[in-house]
Amino acid sequence: MKTKAGNVEKSSKLGRILVYIILLIVSFTMLVPFLWMVLTAFMTQTESTQVNPFVIIPANWQLNNFRDVIDSMNFMRLYGVTVALIVGRVIAAVLTATLAGYAFARLEFFGKKVLFTIVVVQLMIPSQIFIIPQFQMVQSLGQLDTFFALMFPGLVTAFGTFLLRQAYLGLPRDLEEAAILDGCNIGQVFLFVMAPLVKASMVALGIFTAIFAYRELLWPLIVNRTLLPLSAALASLQGQFVTHFPRLMAAAVLATIPMIIIYLIFQKHFVEGIATAGGKL
């Protein structure tokens with residue numbers, strides 16, 4: 001019996017070691033592009049375009065790339081536009097998705113299934129298909145090259161509506177019935193009883209929305225010329241014939257700072273929200 005128990009324990013340890021090794025390999029593979037970006041930011045143009053891919057450590061660490069990028073690009077303005085875009089889209093997405101998700105999950109109204117089917121179908125269609133009609137709508141409103149134009153596609157979110165609907169479906173109906181018996185109307189039930197219980201899903205949606213807004217490239221380049229976020233401004237550093245890769249990577253390093261800060265602040269809520277909402281999909 002002791003031998004069998006020892007063999008089971010030994011095999012369990014070997015299994016954990018194998019899992020850790022696989023996770024370390026995967027983690028290292030995912031970190032290589034980020035490490036390459038940071039190291040390239042400190043290289044010269046000649047070093048960044050050398051043929052040998054195994055030489056990634058700069059011979060002479062250069063800070064001029066960061067100085068040149070900061071001098072040529074108004075990063076404080078880019079940070080301001082990007083942060084404002086992220087905050088605006090997060091507020092709009094969470095607000096509309098919370099209201100729509102509650103309506104689809106808890107209320108009964110004419111055309112409910114048809115409308116929710118339309119929402120789900122939007123998740124299956126590439127977002128590029130909506131660019132032309134969205135551009136025509138913004139143009140008709142006379143809002144090209146404005147902050148509203150950047151915000152426009154993120155005012156509502158089909159993904160957020162679906163996510164919050166699933167979160168509300170996981171809550172027991174006894175809570176609503178008890179609140180109604182206590183004299184609450186539908187607005188009070190939603191605001192004081194149901195909405196606080198899906199806070200983790202709201203935070204998860206907010207982080208997803210922030211990431212989507214941060215990395216959006218095509219839409220800002222189409223509707224704006226002067227008021228650009230970080231992702232669109234970085235695209236201007238790529239030349240038609242020659243690209244100065246160290247400066248481009250230096251700008252990319254500076255551009256990652258907001259996302260790293262957001263992740264460090266909301267890491268706990270992000271994991272909790274994904275785990276909670278994911279179990280109800």
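User: Which residues are linked with R106 in a network of salt bridges?

Analyst: Keep in mind that this is a predicted model, where local features need pLDDT of at least 70, side-chain atom pairs count only at pLDDT 80 or more, and totals for chains, interfaces and linings use all residues. Residues are numbered from 1 along each chain as its sequence is written, and side-chain values use heavy atoms, leaving out hydrogens and water. A salt bridge here is a side-chain nitrogen of Lys or Arg within 4 Å of a carboxyl oxygen of Asp or Glu. In that sense, R106 shares its network with R173 and E176.

User: Where do R106 and E176 lie?

Analyst: Their side chains meet in a salt bridge, 3.4 Å from N to O. Helices are DSSP runs (H or I, at least four residues), numbered from the N terminus. The two residues are 70 apart in sequence, so the pair ties together separate parts: R106 in helix 4 and E176 in helix 9 (residues 174-181).

User: Are R106 and E176 buried or exposed?

Analyst: The cut-offs use relative accessible area with a 1.4 Å probe on protein chains only: under 20% is buried, over 50% is exposed, and in between is partly exposed. By that yardstick, both R106 and E176 are buried.

User: Which residue meets R89 in a salt bridge?

Analyst: R89 counts as buried, at 6% relative accessibility. Its partner sits 127 residues away, in the loop between helix 11 (199-215) and helix 12 (218-223), while R89 is in helix 4. The N to O distance is 2.7 Å, and the partner is E216.

User: How far apart are the closest N and O atoms of D68 and R247?

Analyst: D68 is partly exposed at 29% relative accessible area, and R247 is partly exposed too, at 36%. These two form a salt bridge, and their closest N and O atoms are apart by 3.5 Å.

User: At what angle do helix 4 and helix 5 cross?

Analyst: Axes are lines fitted to C-alpha atoms over the stretch in contact, and angles run from 0 to 180 degrees between N-to-C directions. The axes of helix 4 (residues 75-106) and helix 5 (residues 112-124) come within 10 Å, crossing at roughly 135°.

User: Which residues of helix 5 do A103, F104 and A105 meet?

Analyst: Contact means heavy atoms within 4.5 Å. On that basis, A103, F104 and A105 in helix 4 touch four residues of helix 5: K112, L115, F116 and V119.
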